[in-house]
Amino acid sequence: MTKRKAVISIQECVACGCCMKICPRNAITIPNGIHALINRELCVGCGKCVKECPAGILSLEVTEK
């Protein structure tokens, strides 16, 4: 069985918050305003954050489970 999870390039993230606002599972946070972090336990791989990111630095990764 495969699942998708969002991943982010933290080196390129500018902490704009667009991904955090659109996430239906509240799986994305921006601690200390530095860069976004994704809670992989909460992420369901819907891809809304990937589409919303203005910098295009989020992607979906296929994982085995």
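Which residues does Ile8 touch, not counting those up to four places away in sequence? In this predicted model, the list runs to Cys13, Ala36, Ile38, Ile57 and Leu58. That makes Ile8 a handy place to start looking around.

Zoom out a little and you find Ile8 sitting in the largest nonpolar core, a set of 16 residues. Within that core, Ile8 is one of the members that touch the most other members, and it shares that role with Cys19, Ile28, Ala36, Ile38, Cys49 and Leu58. Notice that some of these names have already come up: Ala36, Ile38 and Leu58 are also among the contacts of Ile8. Taking the chain as a whole, 35% of its 65 residues count as buried.

Now for the fold around that core. The chain has two helices and four strands, and if you walk along the sequence they come in the order β-α-β-β-α-β. The radius of gyration is 11 Å, close to the 11 Å that the globule rule gives for 65 residues, so the chain is as compact as a globular protein of that length. As for its outline, the C-alpha trace spans about 35 × 20 × 15 Å along the principal axes.

What about links between distant parts of the sequence? Take the contacts with a separation of 6 or more: 57% of them are between residues 24 or more positions apart. The pairing of Ile8 with Leu58 is an example of a contact in this chain.

Finally, the outside. The chain exposes about 4300 Å², with carbon and sulfur atoms supplying 53% of that area. On the charge side, there are 9 positive and 5 negative side chains, and the centres of the two sets lie 8 Å apart.

Key:
Residues are numbered from 1 along each chain as its sequence is written. This is a predicted model: local features need pLDDT of at least 70, side-chain atom pairs count only at pLDDT 80 or more; totals for chains, interfaces and linings use all residues. Side-chain values use heavy atoms; hydrogens and water are left out. A nonpolar core is a set of buried Ala, Val, Leu, Ile, Met, Phe, Trp, Tyr and Cys residues joined through side-chain atoms within 4.5 Å. Buried means under 20% relative accessible area, exposed over 50%, partly exposed in between (1.4 Å probe, protein chains only). Contact means heavy atoms within 4.5 Å. The radius of gyration is taken over C-alpha atoms; the globule rule is 2.2 Å times the number of residues to the power 0.38. Accessible areas come from the Shrake-Rupley method with a 1.4 Å probe; for residues, only the protein chains shown count as cover. Lys and Arg count as positive and Asp and Glu as negative; His and the chain ends are not counted. The place of a charge is taken as NZ of Lys, CZ of Arg, CG of Asp or CD of Glu.
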